[in-house]
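Student: I would like a close look at a single helix in this model. Please take me through how its residues are placed and what lies against them.

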Amino acid sequence: MHIEAGVVQGAKMVLSYGTAAVSFGIATKLAINSIKQSGFLPTIVKTVLVTVFVFMFFELLPHHGVGVSEVHLILGSTLFLIFGAAPTAFGLAFGLLIQGLFFAPFDLPQYTINVTTLLMPLFAMMYIANKIIPKKTAYKDINYKDALRLSVMYQGGIVSWVAFWALYGQGFGIENLSSVLSFSLAYMSVVILEPFIDLAVLAGAKSLNTLKSSAYVEARLYNSVK
């Protein structure tokens with residue numbers, strides 16, 4: 001999802017400043033709600049943990065440039081289910097920023113594009129999760145079907161945003177369309193793998209009863225919504 005340098009240039013970058021501002025606005029609202037529900041320190045700790053995980057995912061897991069961007073295993077749905085929306089949103093943003101500052105400075109000019117691409121699908125996935133997962137079901141008890149739907153929502157959202165930025169920046173020429181298509185096909189393969197990782201992590205969570213009352217994981221990981 002790290003879009004290639006030069007895909008969006010000049011005055012067209014202004015749009016990404018606006019979308020990034022909206023993304024951070026939504027994330028801030030979620031963070032305020034998280035602090036009210038679980039406290040300031042737990043929210044900060046969860047955000048730091050997600051930041052570390054995201055940085056590791058970006059730097060240590062396999063990633064390949066395909067077409068207009070790179071294919072990463074971000075595990076956005078896994079992080080959301082374990083730590084919640086606000087810590088995941090800021091963890092994604094901070095992990096992306098740290099990577100850019102220390103390891104990939106060539107990505108910094110595209111930061112507002114990339115952070116939008118990561119966060120907007122997360123918010124859409126959060127909305128869908130609230131709709132499709134019954135209130136009586138804790139996240140640890142979701143099935144493969146629901147895990148797959150969340151993964152499709154998140155990864156599909158990333159592909160859609162990358163495609164939007166590429167077409168917005170470079171138009172509908174054959175070469176650009178081909179690059180977008182090759183990236184999309186490669187990225188959606190992640191959808192096959194991520195639900196299995198979600199379920200494996202959630203299965204592990206079931207055995208960790210000590211976390212059931214912990215403020216350092218998402219409250220709904222172990223508890224249904226009243």
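Tutor: What follows is a walk around one helix and then one of its neighbours. Bear in mind that the model is predicted. Take helix α8, residues 190-207. It has 18 residues. From first C-alpha to last it reaches 27 Å, close to the 26 Å expected at 1.5 Å a residue.

Now the burial pattern. V190, V191, E194, P195, D198, L202 and A205 are buried in α8. They cover an arc of only 125 degrees around the axis, so they sit on the same side of α8. The general rule helps here. An α-helix has 3.6 residues a turn, so residues three or four places apart point the same way. The other side of α8 holds the exposed residues I192, F196, A200 and S207.

What do the buried residues of α8 pack against? Their partners are β2 (69-71), α3 (76-83), α6 (144-170) and α7 (174-188).

One of these partners, α3, deserves a stop. G76, S77, T78, L79, F80, L81, I82 and F83 are buried there. That is 8 of the 8 residues of α3, so this helix is largely enclosed by the rest of the structure. Its cover includes α2, α4 (85-102), α5 (111-132), α6 and α8. After α3 comes G84, with a positive phi near 95 degrees.

Follow α2 outward to the surface. Helix α2 (residues 40-60) gives 8 residues to a nonpolar patch, the largest share. The patch has about 780 Å² of accessible area together, and its members include I35, F40 and M56. M56 lies in α2. It is partly exposed, with a relative accessible area of 35%.

Conventions. Residues are numbered from 1 along each chain as its sequence is written. This is a predicted model: local features need pLDDT of at least 70, side-chain atom pairs count only at pLDDT 80 or more; totals for chains, interfaces and linings use all residues. Side-chain values use heavy atoms; hydrogens and water are left out. Patches are made of residues with over 30% relative accessible area and no salt bridge: like charges are joined within 9 Å, nonpolar side chains (Val, Leu, Ile, Met, Phe, Trp, Tyr) within 5 Å. Accessible areas come from the Shrake-Rupley method with a 1.4 Å probe; for residues, only the protein chains shown count as cover. A salt bridge is a side-chain nitrogen of Lys or Arg within 4 Å of a carboxyl oxygen of Asp or Glu. Helices (H or I, at least four residues) and strands (E, at least two) are DSSP runs, numbered from the N terminus. Buried means under 20% relative accessible area, exposed over 50%, partly exposed in between (1.4 Å probe, protein chains only). The expected span of a helix is 1.5 Å times one less than its number of residues. The arc is that of the directions from the helix axis to the C-beta atoms. Contact means heavy atoms within 4.5 Å.
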